[in-house]
Amino acid sequence: MILSAQHPLSAGLTGDSRLVRAYRGERADTTPVWFMRQAGRSLPEYRDLRVGTRMLDACLDPAMASEITLQPVRRHKVDAGIFFSDIVVPLKLVGVDVEIQPGRGPVFGRGYADAAGVAELTAIDPARLDETSAPITEAVQRTIAELNTTDNGSGTATPLIGFAGAPFTLAAYLAEGGPSKDHLAARTLMHADPGAWRALMEWTAELTGRFLRTQVLAGASAAQLFDSWAGALSLADYETHVAPASAKALAHVHDLSYEVTDAAGTRSTRDVPVVHFGVGTGELLGAMHGIGVDAVGVDYRVPLDVAVARIGEGVPLQGNLDPALLAAPWPVLEAAVRDVLRRGTAAPAHVFNLGHGVPPETDPTVLTRVVELVHEAGA
Ligand code: CP3
């Protein structure tokens, strides 16, 4: 399906931004940069706005979600906004009993760790999301209304990145009924009842894929799939029990494209760029690329030049400063940023990011300084 003429990619607003060019494998005037969890508790303006509003209520309030998305774009002059939401929002929107507890994460009314639980969950039609996702569409539309006129140095509008949780990461929370260290309930179900596991993954893929598609249709210029907890899996389990569902989720975005006209007047179509990220996934990087994505997000454990050797040349990478370094003395941090940039030159293109999310206690002025350094020193 071709995106509407008003979409920032179709309208020629973001297609040549540093970010979208990097996801296509092209280097621009400098390296683009954004931070996972750039919106959130590290910003005093976020903490002020959130007083008295629960996390999921904030996600479903279009004016608030949009404002929170824009705060770090205005403050840090990053090359992209990441939509303020959460991986459990689509579950909430179809009526699953879930809340986000501060300092803990998503907590469900129950765990879905056996065939009976899975049957109850999968009785919900994922297409219900299309009737309840109006707050997401409105929040994205409000956000791009400002981003379309925000040039943070690219010489273009600033793109919005949409995101969703990958089926395994969502299933890890669902099976357990909440956060866990080792995701044991999900890993047990995968082997104890492969049929129930497959049903859970297919349902989750359908739901989370629709959530991602909603954001792109509403105006996001790229999509990131977060499989944060995939690093808990062996390569064999990932390939057999997880990767097919992640590919299914992404199919909801892969059929979206936009038309471009080159200088000679020749028209062609391009796909919406897709990035795939996980934590502790050093062993899985090749497989995570293999499900069909444009770029791979790398956590801080694997240097980017080593990631190139594992994934193969020709794949744009995103990452991977250790978030712990943000609290180190500036000369130490500066050297680490330069090291990430240097190793990133091994890939055809590089989007600077952290190896995981911004810690809540981070001094935001340090993030702004990192953006300036990346733009000044980037290739
Ligand atoms: O700026 C951004 O990156 C966009 C916002 C974003 C949030 N959640 C907002 C949020 C994104 C991309 C997510 C995705 C998400 N949510 C992931 C994948 C990314 C990752 O970090 O690996 C995961 C695993 C979750 C589940 C989740 N939601 C966790 C673990 C937590 C943290 C709990 C805590 O309080 O420490 C949340 C809550 C959450 N999601 C917050 C934010 C800003 C904190 C809640 C608050 O500010 O009150």
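Trainee: What makes β5 and β8 a strand pair?

Mentor: Strands are DSSP runs of E with at least two residues, numbered from the N terminus, and two of them pair if DSSP finds at least two bridges between them. Strand β5 (residues 222–226) and strand β8 (residues 274–277) have four bridges in the parallel sense, so the criterion of at least two is met. Gln 224 stands opposite Val 275 in β8. This is a predicted model, in which local features need pLDDT of at least 70, side-chain atom pairs count only at pLDDT 80 or more, and totals for chains, interfaces and linings use all residues. Residues are numbered from 1 along each chain as its sequence is written.

Trainee: Why are β1 and β11 called edge strands?

Mentor: The sheet is open, with seven strands in the order β1-β4-β5-β8-β9-β10-β11 and parallel pairing. β1 (81–82) and β11 (350–354) each pair on one side only.

Trainee: How do you know which residues surround the ligand?

Mentor: A residue counts as near a molecule if its C-beta atom, placed from the backbone, lies within 6 Å of it. For the ligand there are 22 such residues, and the closest are Ala 39, Gly 40, Gly 105, Phe 226 and Ser 228.

Trainee: What makes a residue of that shell nonpolar, polar or charged?

Mentor: Ala, Val, Leu, Ile, Met, Phe, Trp, Tyr, Cys and Pro count as nonpolar, Asp, Glu, Lys and Arg as charged, and the others, Gly among them, as polar. The shell has 11 nonpolar, seven polar and four charged residues. By this definition, Phe 226 is therefore nonpolar and Gly 40 polar.
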